[in-house]
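Me: I would like to learn how to read a structure of this kind. Could we take it feature by feature?

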Amino acid sequence: MNYLSIENISKSFGELELFSNISFGINKDQKIAFIAKNGTGKSTLLNIIAGLESSDTGQVVSRKGLKIEYLSQEDVLNDALTVEETIFDSDNETLKVIEEYEHALNNPEDEKAYQKAFEKMERLNAWDFETQYKQILFKLKLDDLSQKVGALSGGQRKRLALAIILIHKPDLLILDEPTNHLDLEMIEWLESYFEKEKITLFMVTHDRYFLERVCNEIVELDNGGFYTYKGNYSNYLQKKEERIEIEQATVDKAKNLFKKELEWMRRQPKARTTKSKSRIDDFYVIKEAASQRRNDHVVQLEIDMERMGSKILELHNISKSFGDLQILNKFDYNFLRGERIGIIGKNGTGKSSFLNIITQQIPVDAGKVIIGDTIKFGYYTQDGIVIKPGQKVIEVIKEFGEYIPLTKGRKISAAQLLERFLFSRKRQYDFVEKLSGGERKRLYLCTVLIQNPNFLILDEPTNDLDIMTLNVLENFLLDFPGCLLVVSHDRYFMDKIVDHLFIFRGDAEVEDFPGNYSDFRTYEDSKPKEEAIEIVEKNTESREKSTTKAKLSYKEKTEYDAIEDVIKKLNQQKSAIETKFLDTTLSGDQINELSIKLQEISIQIDQKEERWFELSSKLED
């Protein structure tokens, strides 16, 4: 069933053409990802499909009555409302009825209002909906419903906006970087939710594991062409490589023909017969085909690195608190030359504060931070580049000098450096405020790296970067000989570049884990599942106001006791398959076979966890 058709749409801003004559359709149950370089109009295309912007040409035709929800990068939440008021602030009839029922539960003395609300819940069969929406709130850690939206952190606002669109259960979900500002636990839950749900998605994301496990189709805007690939991210990589090889063979053939026709043109035949005029016209067509080349500039980050001495960075008994929140307690660590450490943990556990302590942006409460004399930090923060009004792209780089030193005594100009960072000569003279979010991140990254650091500290460097830039950044970091400390929620990125992890578990507990993220997941999944206790406690607390609670039958009790081990074993199987994806020698058939197995196991896990949630909700204190 076709939900929505995009027909020959184009969009330009002045002389900048983002895309031209794009056509494709979105059908029921499709999960489509849109891939393109930063600055080529990904968010603009989403806005057009969502009806927030108009295209220059063409049209978007949607099925009558189609319900669309759009999660943009910038939320439109009302700061004056509470979390609960924001959730119920919609025209969803079922939500209105649930709101009445919740109000009646809080006012048990009004038996008439309770009975009326109860009957409405029965009439709309809203009980399952209530359970589902509470489960979504629980999974997204939105516990304090009385908190004002204006007091929420960036990550909490993202989770609230996400919860609202999931609760509304639209026909089509449009998502712009849904994993940005979510911690790893949230990302993995959202990934699992989209895997199991029969839901129609059109999204932009740079999370390659997310693409691998959720999407069944990928569309790409590449060098002005629009291409469709059936299957997940692995299939996309394979099919794109095949397409590029075919295109290159076509260009090579056109070049050979061009050389032959060029000789004929140089002889300039005087008698212009109809046949010769036709051949001349064909010559210009051949010339255009032969001169085509892919605009796949490699960002060559051969920046000269400052020499490192024997002393790198030493942390001695570091303690730090913010009021009642303690993030470090007598933490000790001595960094060695060439160490590559990733930092993961839930939002609010102090990851960014740890980086600020190391770079001495904030003081410690106790202990010492000792930095080696030869250490030069390159610190990429989440704040991004400071935009000066009227400043052009090239002027940002020239602040660090007209020429930039490279390895082996070479040097390049500021303009050449920007070209290597995918900024064309024309783009270099654009104002910085005109750049897309991803382009600004790329420019900021450039300013950090050109200062010749030997200790790179990166706080969420992958947010808003396109997949092409991510691949280049990863390749650079793999060759970077200095120290690397990175906070990231991008699991693919972490698996590729770090050797071990600092796990921020909260309450000043920091664990040094010897391995990458996939190793950590395998280890965690092999431990006894503790979430059951948490779910029971949370669910019991939320249902304290209910007047009756059902007891488990003998059969249900037996099922409940066994289900924990079943989930544990399924998670171990899932982790083992995910680890196999890291094998670069896998064939396309092997990848597809693993993807099918992974999807089947994920569905089983979700079914068991849903049953677990259902049984635990019936437990008495």
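The dialogue below goes from confidence and overall make-up to a cavity and then to single residues.

Me: What should I keep in mind about where this model comes from, and what is its mean pLDDT?

Reply: The model is predicted. The mean pLDDT of the chain is 82, and 85% of the residues reach 70 or more. Over residues 531–550 the pLDDT is below 50, and that stretch has 30 contacts in the model beyond near neighbours in sequence. Where pLDDT is low, the predicted coordinates should not be read in detail.

Me: How many helices and strands does the chain have?

Reply: The secondary structure comes to 20 helices and 20 strands. The chain has 621 residues, and 49% of them count as buried. About 31,200 Å² is exposed by the chain, with carbon and sulfur atoms supplying 48% of that area.

Me: What share of the contacts joins residues 24 or more positions apart?

Reply: Take the contacts with a separation of 6 or more: residues 24 or more positions apart account for 69% of them. Glutamate 559 and tryptophan 612 give one case of a pair separated in sequence, being 53 residues apart along the chain and 8.9 Å apart in space, C-alpha to C-alpha.

Me: How many cavities of 30 Å³ or more are there, and which residues line the largest?

Reply: A search of the whole structure finds 4 cavities of 30 Å³ or more. The largest has a volume of about 60 Å³. Its lining includes Phe34, Ile35 and Ala36, together with Lys42, Glu177, Val204, Thr205, His206, Leu465, Asp466 and Ile467. Strand β3, residues 31–36, gives the most to this lining, with 3 residues. By type, the lining residues divide into 6 nonpolar, 2 polar and 3 charged.

Me: What is there to read in the backbone angle phi of asparagine 452?

Reply: Begin with the general rule: most residues other than glycine have a negative phi. Asparagine 452 is not a glycine, yet its phi is positive, at about 60°. This asparagine sits in the loop between α14 (437–449) and β17 (455–459). Glutamate 460 is another such case, with a positive phi of about 55°. The place of glutamate 460 is the loop between β17 and α15 (467–479).

Me: Are these two loop residues, asparagine 452 and glutamate 460, buried or exposed?

Reply: The cut-off for buried is under 20% relative accessible area. Asparagine 452 has 11% relative accessibility, so it counts as buried. Glutamate 460 has 4%, so it too counts as buried.

Me: Now a helix. Which residues does lysine 574 contact, and is it buried or exposed?

Reply: Lysine 574 is in helix α19. Its relative accessibility is 16%, and therefore lysine 574 counts as buried. Leaving aside neighbours within four places in sequence, lysine 574 is in contact with Leu598, Ile601, Ser602 and Ile605.

Me: Where is glutamate 559, and what does it contact?

Reply: Glutamate 559 is also found in helix α19, which spans residues 554–580. At 31% relative accessibility, glutamate 559 counts as partly exposed. Its contacts, again without neighbours within four places in sequence, are Arg611 and Leu615.

Me: How is a residue in a strand read, for example glycine 58?

Reply: The steps are location, accessibility and contacts. Glycine 58 is in strand β4, residues 57–62. With a relative accessible area of 45%, glycine 58 is partly exposed. Not counting residues up to four places away in sequence, glycine 58 touches Glu7, Asn8 and Ile9. Glycine 58 and lysine 11 are 47 residues apart in sequence and 9.7 Å apart in space, C-alpha to C-alpha.

Me: And in a loop: where is glutamine 360, and which residues does it touch?

Reply: Glutamine 360 lies in the loop between α11 (351–358) and β13 (366–371). The cut-off for exposed is over 50%. Glutamine 360 has a relative accessible area of 52%, so it is exposed. Glutamine 360 nevertheless touches Val369 and Ile371, not counting residues up to four places away in sequence. Glutamine 360 and isoleucine 371 are 11 residues apart in sequence and 9.8 Å apart in space, C-alpha to C-alpha.

Technical notes
Residues are numbered from 1 along each chain as its sequence is written. This is a predicted model: local features need pLDDT of at least 70, side-chain atom pairs count only at pLDDT 80 or more; totals for chains, interfaces and linings use all residues. Side-chain values use heavy atoms; hydrogens and water are left out. Helices (H or I, at least four residues) and strands (E, at least two) are DSSP runs, numbered from the N terminus. Buried means under 20% relative accessible area, exposed over 50%, partly exposed in between (1.4 Å probe, protein chains only). Contact means heavy atoms within 4.5 Å. Accessible areas come from the Shrake-Rupley method with a 1.4 Å probe; for residues, only the protein chains shown count as cover. On a 1 Å grid over the protein atoms alone, a cavity is a set of points where a 1.4 Å probe fits but cannot get out, and a pocket is an open set with protein on both sides within 12 Å along at least five of seven lines; lining residues have an atom within 4 Å of a point. Grid points are joined across faces, edges and corners, and a volume is the space filled by probe spheres set on the points. Ala, Val, Leu, Ile, Met, Phe, Trp, Tyr, Cys and Pro count as nonpolar, Asp, Glu, Lys and Arg as charged, and the others, Gly among them, as polar. pLDDT is the predictor's confidence in each residue, from 0 to 100.
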